[in-house]
There are 2 protein chains.
Amino acid sequence: MNEYAARLDSLRAASKGVALYVSALVNIRYLTGFSGSAGHLLVAEDRAALFTDSRYETQAAQQTSGLELEITFGDSRPAFADAVRKRRIKRLGFEKNRLGYAAFRFLERELPDCRLAPFDNAVEKLRIVKSAGEIDAIRRSVELNSRAFDQACRKLRPSWTERRLAAEIEFAMRKLGAAGSAFPTIVAGGSQGALPHAEPRDAKPAPKSLIVVDQGAILDGYNSDMTRMISLGLPDRRQMELFNAVLEAQQAAIDAIRPGVELQTIDRRARQILRKSKVDGKRLDELFAHSTGHGLGLEIHESPRLAPKQRKRLQEGMVVTVEPGVYLRGAAGARIEDVVAVKRNGCEVLTPTPRQLRVIE
Amino acid sequence: MNEYAARLDSLRAASKGVALYVSALVNIRYLTGFSGSAGHLLVAEDRAALFTDSRYETQAAQQTSGLELEITFGDSRPAFADAVRKRRIKRLGFEKNRLGYAAFRFLERELPDCRLAPFDNAVEKLRIVKSAGEIDAIRRSVELNSRAFDQACRKLRPSWTERRLAAEIEFAMRKLGAAGSAFPTIVAGGSQGALPHAEPRDAKPAPKSLIVVDQGAILDGYNSDMTRMISLGLPDRRQMELFNAVLEAQQAAIDAIRPGVELQTIDRRARQILRKSKVDGKRLDELFAHSTGHGLGLEIHESPRLAPKQRKRLQEGMVVTVEPGVYLRGAAGARIEDVVAVKRNGCEVLTPTPRQLRVIE
């Protein structure tokens, strides 16, 4: 049995015999291998059927096996509803966090004899723990991402604009085989670094500033995510303190990762370290305005979240980012991020790029 | 009054005094200028309030004016619901094609004293007709996209893989100032061209094959979209016939564009031309498996659709793609696509790139 058939069976086991409508494309990809931009999947007890439109006729046949395929001209939702009626399905689970309100009403209207049952992240729950094959796929994406960073940095000149560096990084990713970037690459120098999600500007970072570079690639559907810091010229004392505090916080969080530990514990470790330092009279943990990390895989942000109040526990096979950051409004920002796989007795940092401050002069 | 305030007022006029919850980020951007990746907008009669999280505190303040801003740590939806309660709003419109099922249920639960009213594309309807400023923004994006194509083609060698060409195009976009590509660039040689949404392969197109290049850029939030054909070596008779039929169909569709014409008429014009030609015994209109075009703007696919059964009429200020294509499974594909703005007395093709078959030897 191939991995996709096994995933469909795991889903059937989780849904306890209820037929399921999978509407989220990323979940369809996880369950079938189909990567088109439109589709609807029906997972019944004995079979699974994929509905998509004529743009994807050839691709769906190439990418999937063991599925019934139904191809429509234009929106395939009516054909999906038809199939549910014809098979006399009396109860249909749907993805309550993925299906839109209007799509739900459409099903209600089209399927008056079928009870619609909201399912809470049925596929996402399977996706939290990665198979060995998936961890390999994430590792390849992470390694490609690191090579792209390295190639761009070796060419980097202080005269480059933020946008130029972002462009070079994404170009390197593509040439190395990435399908694209996982998100718009962040290159944020000086005070821009204080915006966690800054857009690269068509401007050079100021001399002697710190630059936050946050980048991810997509390879064979799997995402990577890494943040590194560059210093234009030797850092001053305050920059060095900021960087070192974030690095120490990140290492402390990584050191705590192993199966059985609560997610919030990892987040707390990072905050405990930042709490010990101050800059401009402010405690650094008060300048850390997001959570410590997130799962990644077929999506760039997945469960679990390494955040306050998350009481679930790490499991072997989870893959998460660890990315504490400190943001001094109007002045500077610092963030360091790696991808970490939870292993039986601890964890493995998948990101090969050294975390040190890279000085460009 | 700035353009954003005017848009909010147009929305208020369209919603006839009902307070509106705008959940789609692209619609929030259209109404306020805020471009963050998380946010919720409340548009009431007398004021508008934007709820977002701490990552976007500085950005929201920089990008918007005249709004109340509420910043939360993590998900800002509870703060949004709080505000609706505090303002004693008795009826709240929501975007029925944008809001998720679970988000709808959350509001139902949190706002028992408020009637939730589904709104059908209230903001999208405003967005169909572009302002002069928006058409300028689309034009700049289109021109950048064309320059990127030209720069990459001037470097193109027959030894390049599909992926390499896609990478060079996207790199050129970025260096020219694009925030990124509007969608993964398609470079599809030979039989890959028969897949309308092919992913570039890590392989050279075969000698003497046709290559479909479909690419778009994002500049200041606005999308562009263009398809051009490259021939590796001089085309043979069949390739030339395929290309010329598609070019003629595209021109016929463009020639029909002016205010007052039904959308389906534009689509029919393209099909009528393709109908006159055959290849391998098949009529070309039967090998044209998608619609003729789509609106574009802040999103790459917007209303209107140039498709069969679309009886609404073109209006001055609409901006659409015109992109007939022919797909011969296992053999070849051809598509040509421009961006066209509807003008008072006809239309203007915004795309400056010549449509001719570009021969690389």
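## Exercises on a predicted two-chain model

Chain B holds an open sheet of 4 strands with mixed pairing, in the order β8-β9-β12-β22. This is a predicted model, in which local features need pLDDT of at least 70, side-chain atom pairs count only at pLDDT 80 or more, and totals for chains, interfaces and linings use all residues. Residues are numbered from 1 along each chain as its sequence is written, chains are lettered from A and ligands numbered from 1 in the order in which they are written, and side-chain values use heavy atoms, with hydrogens and water left out.

**Exercise 1. Work out which strands of the β8-β9-β12-β22 sheet of chain B stand at its edges, then look at what packs on the sheet.**

Step 1. Get the terms straight: strands (E, at least two residues) and helices (H or I, at least four) are DSSP runs numbered from the N terminus, and two strands pair if DSSP finds at least two bridges between them.

Step 2. Look for strands with a single partner: these are β8 and β22 (358–360) of chain B, so one side of each has no neighbour in the sheet.

Step 3. Check the twist: on average, neighbouring strands of this sheet are turned by 25 degrees against each other, direction ignored. The axes here are lines fitted to C-alpha atoms, for helices over the stretch in contact, and angles run from 0 to 180 degrees between N-to-C directions.

Step 4. Zoom in on one pair: β9(B) and β12 (residues 226–232) of chain B run antiparallel and are joined by 6 bridges. Here B:Val212 has B:Met229 in β12(B) as its bridge partner.

Step 5. Now add the helix: α8 (residues 162–175) of chain B packs on the sheet and touches β8, β9 and β12 of chain B, its direction making about 155 degrees with that of β8(B). Contact means heavy atoms within 4.5 Å.

**Exercise 2. Is B:Lys130 buried or exposed, and what does its side chain meet?**

Step 1. Find the residue: B:Lys130 is in the loop between α6 (122–128) and α7 (132–155) of chain B.

Step 2. Apply the cut-offs: buried is under 20% relative accessible area, exposed is over 50%, and partly exposed is in between (1.4 Å probe, protein chains only). B:Lys130 comes in at 6%, so it counts as buried.

Step 3. Hunt for polar contacts, meaning pairs of N or O atoms within 3.5 Å; within protein, one must be able to donate a hydrogen and the other to accept it, and residues adjacent in sequence count only if both atoms are side-chain atoms. The side chains of B:Lys130 and B:Glu302 share one of 2.7 Å. A polar atom of the B:Lys130 side chain also lies 3.4 Å from the backbone oxygen of B:Leu296.

Step 4. Fill in the surroundings: leaving aside neighbours within four places in sequence, the contacts of B:Lys130 include B:Ile135, B:Ile138, B:Gly317 and B:Val319.

**Exercise 3. Find where B:Lys16 and B:Lys208 sit, and compare their backbone and exposure.**

Step 1. B:Lys16 is in the loop between α1 (3–15) and β1 (19–22) of chain B. Its phi is positive, about 50 degrees, although it is not a glycine.

Step 2. B:Lys208 is in the loop between β8 (186–189) and β9 (210–215) of chain B. B:Lys208 isn't a glycine either, yet has a positive phi of about 65 degrees.

Step 3. B:Lys16 is exposed at 73% relative accessible area, while B:Lys208 is partly exposed at 48%.
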